[in-house]
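Here are my notes on the model you sent over. Have it open while you read, and go through the points in order.

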Amino acid sequence: MKKWFIVSLMSILVAGLLAACGTSGNDDQAAGNGSGEGNGDKKVLRMGTSADYPPFEYIDTEKGEEIIGFDIDLAKAITKELGYELEVQDIDFGSLITAMDAGNIDLILAGMTPTPEREEQVDFTDIYYTANHMVVSLKDSKLEKLEDLQGKTIGVQLGSIQEEEANKIKEGGVDIKIENRDRIPQLIQELKTGRIDAAIIEDTVIKGYFEKDKDLTGFQLDTEEGGSAIALPKDSEMTEEFNRVLNEMKENGELDKLIIKWFGGEEE
Ligand code: ARG
């Protein structure tokens with residue numbers, strides 16, 4: 001009787017030990033220190049982006065289902081230089097940092113602006129492109145300055161710094177109602193149907209919409225300009241390597257080439 005008990009107790013212990021080994025092995029692979037091994041010989045980096053943001057990242061449905069854009073080209077150039085293969089995943093902007101925290105992706109390029117709150121959770125490289133905020137509306141609604149927004153409903157992308165801008169406007173005394181959506185095309189859609197009166201969107205992104213849609217107009221917010229940077233896991237050793245390649249690309253003109261390709265102009 002006693003012997004039985006000890007034997008079964010031991011097998012439970014051994015099973016537990018094996019299971020524990022199994023899990024920690026998996027964990028290592030999942031976290032991968034940002035260098036998960038791929039199937040082939042090349043190491044793969046998994047990039048998260050929110051593909052609703054032309055020309056940074058979007059899907060040109062006329063051409064296919066591939067995510068293309070400035071951020072994709074930039075990420076490919078840097079990771080190639082560092083000897084990695086790149087895999088791109090489409091995730092709502094507001095969930096990107098959580099996804100990296102969970103170890104599902106290794107880096108984020110999504111026109112993401114470094115902010116103190118985000119810096120508590122991730123590391124950012126140097127800025128690679130700057131932009132300003134624009135208040136976008138239908139021409140007919142005659143919204144031309146901040147005070148015109150009094151009593152209006154303003155749309156922003158969930159979790160973006162534009163959402164913070166909207167909060168600041170409200171705190172500044174212009175009484176607005178704030179609505180958030182996961183994706184930029186949803187904001188444009190809500191504008192068109194009148195469910196929101198205006199949206200705060202980055203100037204470099206809304207420029208493309210202005211060209212296609214003559215009903216839209218906007219004015220610039222005179223706030224500090226925001227820039228885009230690459231986010232990597234907190235204390236990642238890769239941040240330095242990414243910065244090195246990024247700065248090489250700034251110096252040898254490769255970054256400018258990409259800017260001209262996707263934004264059609266030089267960065268002032
Ligand atoms: N620059 C803004 C931010 O960091 C908006 C970025 C939105 N990016 C996107 N891919 N939708 O909050």
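**Notes on the model**

1. Helix 2 (residues 70-81) has 12 residues and spans 17 Å from its first C-alpha to its last, close to the 16 Å expected at 1.5 Å a residue. That expected span is 1.5 Å times one less than the number of residues. Helices (H or I, at least four residues) and strands (E, at least two) are DSSP runs, numbered from the N terminus.

2. Before going on, a word on the source: this is a predicted model, where local features need pLDDT of at least 70 and side-chain atom pairs count only at pLDDT 80 or more, while totals for chains, interfaces and linings use all residues. Residues are numbered from 1 along each chain as its sequence is written, and side-chain values use heavy atoms, with hydrogens and water left out.

3. Back to helix 2: its buried residues (buried means under 20% relative accessible area, 1.4 Å probe, protein chains only) are Phe70, Asp71, Ile72, Asp73, Leu74, Ala75, Ile78 and Thr79. After the helix comes glycine 83, with a positive phi near 85 degrees.

4. Now the sheet. It is open, with 5 strands in the order 10-9-11-8-12 and mixed pairing; two strands pair if DSSP finds at least two bridges between them. Strand 10 (177-181) and strand 12 (216-220) are the edges, each pairing on one side only. On average, neighbouring strands are turned by 30 degrees against each other, direction ignored.

5. Strand 8 (residues 133-138) and strand 11 (residues 198-202) run antiparallel and are joined by 4 bridges. One pairs histidine 133 with glutamate 202 in strand 11. Helix 7 (residues 203-212) packs on the sheet, touching strand 8, strand 11 and strand 12. Its direction makes about 115 degrees with that of strand 11; such angles run from 0 to 180 degrees between N-to-C directions, with axes fitted to C-alpha atoms, for helices over the stretch in contact.

6. Is methionine 134 buried or exposed? Methionine 134, in strand 8, is buried, with a relative accessible area of 12%. Leaving aside neighbours within four places in sequence, its contacts (heavy atoms within 4.5 Å) include Ile200, Ile206, Phe210 and Phe219. Leucine 221 is 87 residues away in sequence but 5.7 Å away in space, C-alpha to C-alpha.

7. Finally, the ligand. Of the 15 residues that surround it (a heavy atom within 4 Å), the closest are Ala110, Gly111, Arg118, Gln157 and Ile161. A ligand nitrogen lies 2.8 Å from a backbone N or O atom of alanine 110, and a ligand nitrogen is 2.8 Å from a side-chain N or O atom of glutamine 157. A ligand oxygen sits 2.9 Å from a polar backbone atom of threonine 113.

Methods:
Buried < 20%, exposed > 50% of the residue type's maximum accessible area, 1.4 Å probe, protein only. Polar contact = N/O pair within 3.5 Å; in protein donor to acceptor, adjacent residues only side chain to side chain.
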